[in-house]
Amino acid sequence: MPKPHIIVIYMDDLGYGDVGAYGATRVATPRIDALAAEGVRFTDGYATSATCTPSRYALMTGRYPWRIDGAEILAGDAALIIDPAEVTLPRMLSEAGYRTGIVGKWHLGLGSGDAPIDWNAQISPGPGDVGFDESFIMAATQDRVPTVFIRDGFVVDADPNDPIDVDYETNFEGEPTALTHPEMVRMPWTHRHNDSIVNGIPRIGFMKGGTAARWVDEEIADRLMDEAVEFIQRDRPEPFFLYLPLHQPHVPRTPHPRFAGSTGMGPRGDAIAEADWCVGRIVDALEEAGLRDDTLIIFTSDNGPVLDDGYQDGAIELAGDHRPAGPLRGGKYSLFDGGTRVPFIVSWPGVVEPQTSSALVCQLDILASLAALVGSDAASVDGENLSDALLGRSPHGRRSLVLEAMTHTVFRAENWVLIPPSKGPEILAETGIESGHSDQYQLYDLGADIAETRNVAAEQPDRTADLIARYEEALR
Ligand code: NG6
Ligand code: CA
């Protein structure tokens, strides 16, 4: 089999119920649905974690994020958490002859951590040191400074006469914040996002300078797509790997005006519509280049959904009967399945037979699975080679999986999920999401009770004990 081009489209906070192929009706996602209809639509596909940085770490390294210190939501000026000596997905593919590129949200840290990042010079280490030949990234998320794009280690449109300074603790003298200048804010914050104001949107962290380099929020999608399409359509002899971590529907949700109002669900719904357009633009670009049948696309999301994640944008008020996590309990940050079970689609026309699969698969397994596909012997610490399941040739996935939310872990085995006791509020104050914290073991039968409504741990002590033993073994 010739090596396919590979594109991983990685959404940010897109929930299990947020796309048509997984049951959404109020937002139309025809282009994502088409990928699902012509590929494998996984019902039991997981991110490793209920937040962004740890899930991304696992996708890149094939290693459980809770094995290392620091795989937690990172500030925009945090140091790189991937060891440049580690096996990574892009390095494995690069060594197998691929041209590798990332366009989109990084959020795995930049720089060595020995000194604060100088945003006005080359920023290193970063994507280029973990296997990407080319990179066009935002450092963290749209809600964090610096609000600039970085190409191959250099801030795009940097101006030496207007240097960029970033600080996550102290503001720069005279710079407006949402607290000192609320009249400058066009998207009010609900929690935390009250530091520097960029484009009328208050962010996390303080930033000064770099006026010409600052992105226009409503144009991020178009900009990323232009970069991605250029990468795809460039003439080159070797196959390519494009990692495309998109920014929707993470806060602040700023869809281009051409999507505004398209769903009646406000910016969150409209951002999903915009994301669907992005997927369409990628597929169209492949078709125009005559590459569609030679390209394996994996579409998934880094964690479950959240409505109010820090801004007042109508997400709660306008959701109506839309259920962003579908039938699942909880959402982003949660130990319940809504935190980590996400849309997961694999499409490769002519090779992958259209089907729905209930194989248990995780983004952790993508490295080992693609390694097998391209003939690499790179080892993955925690990932399994599930290439047959991913390509729809086998109904069998993992037997078990450790999932993580805010550093607490959960054990999924067959259709059972064991949530060990952990301390914390039952409802997360900021987001209103059910955390899954309890002082008791929880055991749910996802086969019969996908919504995790009935804790059967007390009724099934033997099974609970058996799963605790397997869980403890898996943590080793
Ligand atoms: C949280 C932020 C949230 C979001 C999240 C990162 C607060 C109170 N909340 O800490 O707004 O930025 O981090 O999301 O600060 S993620 O998808 O990148 O993990
Ligand atoms: Ca996320």
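Reader: Why is Met406 called partly exposed?

Author: In this predicted model, Met406 has a relative accessible area of 41%. Buried means under 20% and exposed means over 50%, so a value of 41% puts Met406 in between, as partly exposed.

Reader: Where is Met406, and what is said about its phi?

Author: You will find Met406 in the loop between strand 17 (400-405) and strand 18 (408-413). Its phi is positive, about 50°, although Met406 is not a glycine. Most residues other than glycine have a negative phi.

Reader: Which class does Asn199 fall into, and how do you know?

Author: Asn199 has a relative accessible area of 32%. That value is neither under 20% nor over 50%, so Asn199 is partly exposed too. Asn199 sits in the loop between strand 9 (197-198) and strand 10 (201-202), and its phi is near 55°, a positive value in a residue other than glycine.

Reader: Is Thr43 buried or exposed, and how do you know?

Author: Its relative accessible area is 16%. Because the cut-off for buried is under 20%, Thr43 counts as buried. Thr43 lies in the loop between strand 2 (40-42) and strand 3 (45-46).

Reader: What does Thr43 touch?

Author: Leaving aside residues up to four places away in sequence, Thr43 touches Tyr16, Arg341, Thr356, Ser357 and Ser358. A contact here means heavy atoms within 4.5 Å.

Reader: What coordinates the calcium ion (ligand 2)?

Author: The ion is held by OD atoms of Asp12, Asp13 and Asp302, with Asp302 listed twice, and by OD1 of Asn303, at 2.2 to 2.8 Å. Atoms count as donors for Ca within 3.2 Å, so these distances fit the definition. Along the chain, the donors follow the spacing D-D-x288-D-N.

Reader: How far apart along the chain are Asp12 and Asp302?

Author: They are 290 residues apart, so the pair links distant parts of the chain. Asp12 is in the loop between strand 1 (5-11) and helix 1 (30-37), while Asp302 is in the loop between strand 13 (295-301) and strand 14 (344-347). Asp12 has a relative accessible area of 0%, and is therefore buried. Asp302 also counts as buried, at 0%.

Reader: Why is the site of the calcium ion (ligand 2) called irregular?

Author: Look at the angles among the six donor atoms: they run from 51 to 174°. Six donors count as octahedral if opposite donors are over 155 degrees apart and all others lie between 65 and 115. An angle of 51° fits neither range, so the site is irregular.

Reader: What makes strand 7 and strand 15 edge strands?

Author: Start with the open sheet of ten strands, which has the order 7-6-5-4-12-1-13-14-2-15 and mixed pairing. Strand 7 (154-155) and strand 15 (355-357) each have a single partner strand, so one side of each is left without a neighbour in the sheet.

Reader: How do you know that strand 2 pairs with strand 15?

Author: Two strands pair if there are at least two bridges between them. Three bridges join strand 2 to strand 15, so the pair passes that cut-off, and the two run parallel. Val40, for example, has Gln355 in strand 15 as its bridge partner.

Reader: Which peptide bonds are cis, and what is omega for each?

Author: One cis bond joins Val145 and Pro146, with omega about 0°. Another joins Val251 and Pro252, with omega about -10°. Pro146 lies in the loop between strand 5 (134-138) and strand 6 (149-151).

Terms used
Residues numbered from 1 in each chain as written. Chains lettered and ligands numbered in written order. Predicted model: local features only at pLDDT ≥ 70, side-chain atom pairs only at ≥ 80, totals over all residues. Heavy atoms only, no water. Tetrahedral: all angles 85-135°; square planar, octahedral: opposite > 155°, others 65-115°. Helix = DSSP H or I, 4+ residues; strand = E, 2+ residues; numbered from the N terminus. Buried < 20%, exposed > 50% of the residue type's maximum accessible area, 1.4 Å probe, protein only.
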